[in-house]
Amino acid sequence: MGSKRKRRGGQEVAFRRRLLSWWRHAARDLPWRRTRDPYRVLVSEFMLQQTQVSRVAEYYPRFLERFPDLHSLARAPARAVREAWDGLGYYARARNLHALARGVTRRHDGKLPDTPEELIKLPGIGPYTAGAVATFAFEKSVPAVDTNVSRVLRRVFWGRATGNGQRAAQVWRLARKLVPRNGRQAWTFNQAIMELGALVCVARKPKCAVCPVQPVCKTGKGKS
């Protein structure tokens, strides 16, 4: 048991090192990565739910131009918010974002909470979005496990054969262990692992041959 735990610990350290090294030259320049403004991060996270990055990159600046802060969004009529969201689909996201803005303006003086425990109480925010806003806006050392992150962790640490059988709680527990304690490094790590899942460790045909963590991945080892 002790040797197994030691091997897992070494795998975790190597995974983090390789991932962060890759991120330094592979990261995409996306507008929501250039800000720590909680409202702007929040808008990007709502938009990115079930929508391609390229489409969000088109709508994100227009939405912010129309509603530059939480207060302007809270004051807006529902029809104006729906109109600004038109074309992105999944319109419940717009309704929830609008309800959130109004609620935060009334009950929190217009300031978003900075912890996942408080964020998750707001409309339209689940475990992933709560973690994402906390780490990307407030640089909290917390995990943010979306589909991409879950897929990467399952493949790397459990292997394809058993990865799909791992319970969500186990994946979150591992993610929590992997996130650096330093807030700025946590921001980078969470962005990097999402990027790896989006660009390399994709769902149908993972690009194992060019994956930076292949040597420490239970799924990718031995592939070329």
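This report covers the core, helix 6, a few backbone outliers and the empty spaces of a predicted model.

**Core**

The largest nonpolar core has 72 residues. Phe 15, Leu 19, Leu 42, Met 47, Phe 63, Phe 67 and Leu 153 touch the most other members. Phe 15 shows how such contacts spread along the sequence. Setting aside residues up to four places away in sequence, Phe 15 touches Val 152, Leu 153, Val 156 and Phe 157. Its list also holds Leu 178, Phe 189, Ile 193, Val 213 and Val 216. Leu 153 therefore appears twice: as a partner of Phe 15 and among the core residues that touch the most other members.

**Helix 6**

Helix 6 runs over residues 92-107. At 1.5 Å a residue, its 16 residues should span 22 Å, and the end C-alpha atoms are 22 Å apart, so expectation and model agree. The buried residues are Arg 93, Ala 94, Leu 97, His 98, Leu 100, Ala 101, Gly 103 and Val 104. An α-helix has 3.6 residues a turn, so residues three or four places apart point the same way. The buried residues of helix 6 pack against helix 2 (38-48), helix 3 (53-66), helix 4 (70-75) and helix 5 (78-85).

Val 104 belongs to helix 6. Its relative accessible area is 0%, so Val 104 counts as buried, the limit being under 20%. Beyond its neighbours within four places in sequence, Val 104 contacts Leu 70, Asp 109, Gly 110, Lys 111, Leu 112 and Leu 122. Leu 122 is 18 residues from Val 104 in sequence, and their C-alpha atoms are 8.3 Å apart.

Ala 94, one of the buried residues of helix 6, has its C-alpha atom 6.5 Å from that of Arg 82, twelve residues apart along the chain. Arg 82 sits in helix 5. With a relative accessible area of 38%, Arg 82 is partly exposed.

**Positive phi**

Three residues with positive phi are listed here.

| Residue | Phi | Place |
|---|---|---|
| Tyr 90 | near 45° | loop between helix 5 and helix 6 |
| Asp 109 | about 55° | just after helix 6 |
| Glu 139 | about 55° | loop between helix 8 and helix 9 |

Tyr 90 is partly exposed, at 49% relative accessibility. Glu 139 is also partly exposed, at 25%. Asp 109 is among the contacts of Val 104.

**Pocket and cavity**

Rolling a probe the size of a water molecule over the atoms shows where empty space is left.

The largest pocket has a volume of about 770 Å³. Its lining counts 28 residues, and the closest to the centre are Leu 48, Thr 51, Val 53, Asp 146 and Asn 148. Helix 2, helix 8 (127-138), helix 9 and helix 12 (183-199) each give two or more residues to this lining. Which helix gives the most? Helix 12 does, with six residues. By class, the pocket lining has 13 nonpolar, nine polar and six charged residues.

The structure holds one cavity of 30 Å³ or more. The largest cavity has a volume of about 100 Å³. Of its 16 lining residues, the closest to the centre are Arg 155, Cys 201, Cys 208, Cys 211 and Cys 217. Helix 9 (residues 147-157) supplies the largest share of that lining, three residues. The cavity lining has ten nonpolar, three polar and three charged residues.

Notes. Residues numbered from 1 in each chain as written. Predicted model: local features only at pLDDT ≥ 70, side-chain atom pairs only at ≥ 80, totals over all residues. Heavy atoms only, no water. 1 Å grid on protein atoms, 1.4 Å probe; cavity = no way out; pocket = protein on both sides within 12 Å on 5 of 7 lines; lining within 4 Å. Points joined across faces, edges and corners; volume = space filled by probe spheres on them. Helix = DSSP H or I, 4+ residues; strand = E, 2+ residues; numbered from the N terminus. Nonpolar A, V, L, I, M, F, W, Y, C, P; charged D, E, K, R; others polar. Expected span 1.5 Å × (residues − 1). Buried < 20%, exposed > 50% of the residue type's maximum accessible area, 1.4 Å probe, protein only. Contact = heavy atoms within 4.5 Å. Core = buried A, V, L, I, M, F, W, Y, C linked by side-chain atoms within 4.5 Å.
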